[in-house]
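The following paragraphs explain how two chains are put together. Please keep the sequence and the three-dimensional view at hand while reading.

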Amino acid sequence: MKRLFLLLLLLGASGASALSPVPPKVPPQTEATPRPALMLIEADIHDMDGFRAYTQAIIPIVQRFGGTYVVMRGERQDLEGDWGTTRVVISRWPSMDAARAFWFSPEYQQAIKLRADTGTFRVTLLETAP
Amino acid sequence: MPAYMIVEARITDLPRFRAYAEANPPLVARFGGRYLAIRTATEPLEGDWEGAKVVISEWRDMDAARRYWHSPEYAAVKRLREGTGTFRVLLVDGLATETLA
């Protein structure tokens, strides 16, 4: 009786897995887990009010795409070279792809227009080290 | 509060710069710094990044990074990169209360 129950259980289990294939829990070895990415923003702002409107607009977009701010408006010290009035902001993303998805999204491409005449900007993406 | 050191380098003499690139990471580690981005993929999104290499390291706080930067050991290592390119280095305080490590 016990053995029959076990047999039914096994049949049931194999039947279920045949009907609804369960994806393997462990990703294949060849597929590397994406490394988090950093977005480095260097900004020289000459219209602070206009720039504030931009930052207010993008905060929810950044959050929606999984970005978090690491550096913003903190104490700073120039150690070498000319940084002038350049402000630095760093945001962190789950992956390079996540950061690209944010940057090239219609929402962000719409919002970025708000900062067009507020200053000059340099932005680069960096994959983090393992 | 963690602090971040951002180095923007334009290397003009890579063979000579390599001596610095080998000597510096152990020193960074000894002073408690951790590289977040070094020799990893980069993708410029806006502005001119032509020829620029960016390195970002994370430190326990601003003072920890300053102890490294102003140490006699780093002064000696830093001489290895003299004349190998142009460098801009900035130290900034982070927002998070925890490090990214």
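Strand 1 (3-11) and strand 5 (85-93) of chain B pair in the antiparallel sense over nine bridges; two strands pair if DSSP finds at least two bridges between them. Strands (E, at least two residues) and helices (H or I, at least four) are DSSP runs, numbered from the N terminus. Within this pair, L90(B) of strand 5 stands opposite I6(B).

The model is a predicted one, in which local features need pLDDT of at least 70 and side-chain atom pairs count only at pLDDT 80 or more, whereas totals for chains, interfaces and linings use all residues. Residues are numbered from 1 along each chain as its sequence is written, and chains are lettered from A and ligands numbered from 1 in the order in which they are written.

Strand 5 of chain B also pairs with strand 3 (residues 76-80) of chain A, in the antiparallel sense and over four bridges. There, L91(B) is the bridge partner of Q77(A). An open sheet of five strands results in the order 3(A)-5(B)-1(B)-4(B)-2(B), with antiparallel pairing. Its edges are strand 3 of chain A and strand 2 of chain B, each of which pairs on one side only. Neighbouring strands are turned by 25° against each other on average, direction ignored; the axes are lines fitted to C-alpha atoms, for helices over the stretch in contact, and angles run from 0 to 180 degrees between N-to-C directions.

The contact between the chains involves 31 residues of chain B and 29 residues of chain A, where contact requires C-beta atoms, placed from the backbone, within 7 Å. Among the elements of chain B that give two or more residues to this side are strand 3 (42-46) and helix 2 (62-69). Strand 5 of chain B gives the most, with seven residues.

Chain A itself has four helices and five strands, which follow the pattern α-β-α-β-β-β-α-α-β along the sequence. Of its 130 residues, 18% count as buried, that is, with 20 or more other C-beta atoms, placed from the backbone, within 10 Å of their own. In helix 3 (residues 96-103) of chain A, the buried residues are M96(A), A99(A) and F102(A). They lie on the same side of helix 3 of chain A because they cover an arc of only 125° around the axis, taken from the directions from the helix axis to the C-beta atoms. Their cover includes helix 2 (48-64) and strand 5 (119-127) of chain A, together with strand 3 of chain B.

Methods
Contact = placed C-beta atoms within 7 Å. Buried ≥ 20, exposed ≤ 12 C-beta atoms within 10 Å, placed from the backbone.
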